[in-house]
Amino acid sequence: MNKNRPLSPHLQVYRLPLTGLISITHRMTGVLLSLGLLLFSYMLSMLSSGEPAYRSLQTLIDRPLIQVVFWGFVYALFFHLCHGIRHLIWDCGSSFERDTMNGYAVLELLASIALTAAIFFIF
């Protein structure tokens, strides 16, 4: 065996680039949005079931943990939207340089946070 051959980096040493982390997060938010859509459909069915179901839904929504889940859903929606816009830019055949991709990744994160904060302060 050749002792001078390079070894692959160990998983504890290897660090994903920002664009890789953003890509994985985009896929995770897609799955979470699908699950959130099921929860939203359930909430709509409770609303249409009458006043007792509406009151129990209101009690559930007022819990702090449910509020965190709700705002996480809103953030996931905006993050997924911003990354989708980035993919549209890529589909046009531009912005494949490393610095540009990293810049867009940071812009995407900031835009999704800003949009979530804007909705938070409006409501």
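Contact means that heavy atoms lie within 4.5 Å of each other. The exercises below concern a predicted model, in which local features need pLDDT of at least 70 and side-chain atom pairs count only at pLDDT 80 or more, while totals for chains, interfaces and linings use all residues. Residues are numbered from 1 along each chain as its sequence is written, and side-chain values use heavy atoms, with hydrogens and water left out.

**Exercise 1. Two residues of helix H1**

Task: Determine which residues His 26 contacts, leaving aside its neighbours within four places in sequence, and which residues Thr 29 touches under that exclusion.

Solution.
Step 1. His 26 belongs to helix H1, and Thr 29 is found in helix H1 as well. Helices are DSSP runs (H or I, at least four residues), numbered from the N terminus.
Step 2. Beyond its sequence neighbours, His 26 is in contact with Phe 79, His 80, His 83 and Gly 84.
Step 3. For Thr 29, the partners are Ala 76, Phe 79 and His 80.
Step 4. Accessibility is classed as buried (under 20% relative accessible area), exposed (over 50%) or partly exposed (in between), using a 1.4 Å probe and protein chains only. His 26 is buried because its relative accessible area is 17%. Thr 29, at 6%, also counts as buried.

**Exercise 2. The span of helices H3 and H4**

Task: Compare the end-to-end distances of H3 and H4 with the expected spans.

Solution.
Step 1. The expected span of a helix is 1.5 Å times one less than its number of residues.
Step 2. H3 comprises residues 64–91. With 28 residues, H3 reaches 40 Å from its first C-alpha to its last, close to the expected 40 Å.
Step 3. H4 has 25 residues and should span 36 Å; its end C-alpha atoms are 36 Å apart, so the two values agree.
Step 4. The buried residues of H3, among them Val 74, Phe 78 and Cys 82, pack against H1 and H4. In H4, the buried residues are Met 101, Ala 105, Glu 108, Ser 112 and Thr 116, and their cover includes H1 and H3.

**Exercise 3. The salt bridges**

Task: State how many salt bridges there are, and describe where the partners lie.

Solution.
Step 1. A salt bridge is a side-chain nitrogen of Lys or Arg within 4 Å of a carboxyl oxygen of Asp or Glu. By this rule the count is two.
Step 2. One bridge joins Glu 51 and Arg 55, whose closest N and O atoms are 2.5 Å apart. Both residues lie in helix H2 (residues 51–61), four residues apart, about one turn of the helix. Arg 55 is exposed, since its relative accessible area is 53%.
Step 3. Another bridge joins Glu 108 and Arg 86, at 3.0 Å from N to O. This pair links distant parts of the chain: Glu 108 is in helix H4 and Arg 86 in helix H3, 22 residues apart.
Step 4. Glu 108 counts as buried because its relative accessibility is 3%. Arg 86 is buried as well, at 4%.

**Exercise 4. An aromatic pair**

Task: Classify the arrangement of the rings of Phe 70 and Trp 71.

Solution.
Step 1. Rings of Phe, Tyr and Trp (its six-membered ring) pair if their centres lie within 6.5 Å; planes under 30 degrees apart count as stacked, over 60 as edge-to-face and the rest as tilted. The structure holds five aromatic pairs.
Step 2. The ring centres of Phe 70 and Trp 71 are 5.1 Å apart and the planes stand at 75°, so the pair is edge-to-face.
Step 3. Phe 70 is partly exposed at 43% relative accessibility, whereas Trp 71 is buried at 19%.
Step 4. Phe 70, Trp 71, Phe 120 and Phe 121 form one aromatic cluster.

**Exercise 5. After helix H3**

Task: Identify what is notable about the phi of Ser 95, and where Ser 95 is placed.

Solution.
Step 1. Most residues other than glycine have a negative phi.
Step 2. Ser 95 has a positive phi of about 70° although it is not a glycine. Just after H3, Gly 93 takes a positive phi of about 90°.
Step 3. Ser 95 is placed in the loop between H3 and helix H4 (98–122). At 10% relative accessible area, Ser 95 is buried.
Step 4. Ile 89, in helix H3, contacts Ser 94, Ser 95 and Tyr 104, leaving aside neighbours within four places in sequence. Ile 89 is partly exposed, at 27%.

Technical notes: Helix = DSSP H or I, 4+ residues; strand = E, 2+ residues; numbered from the N terminus.
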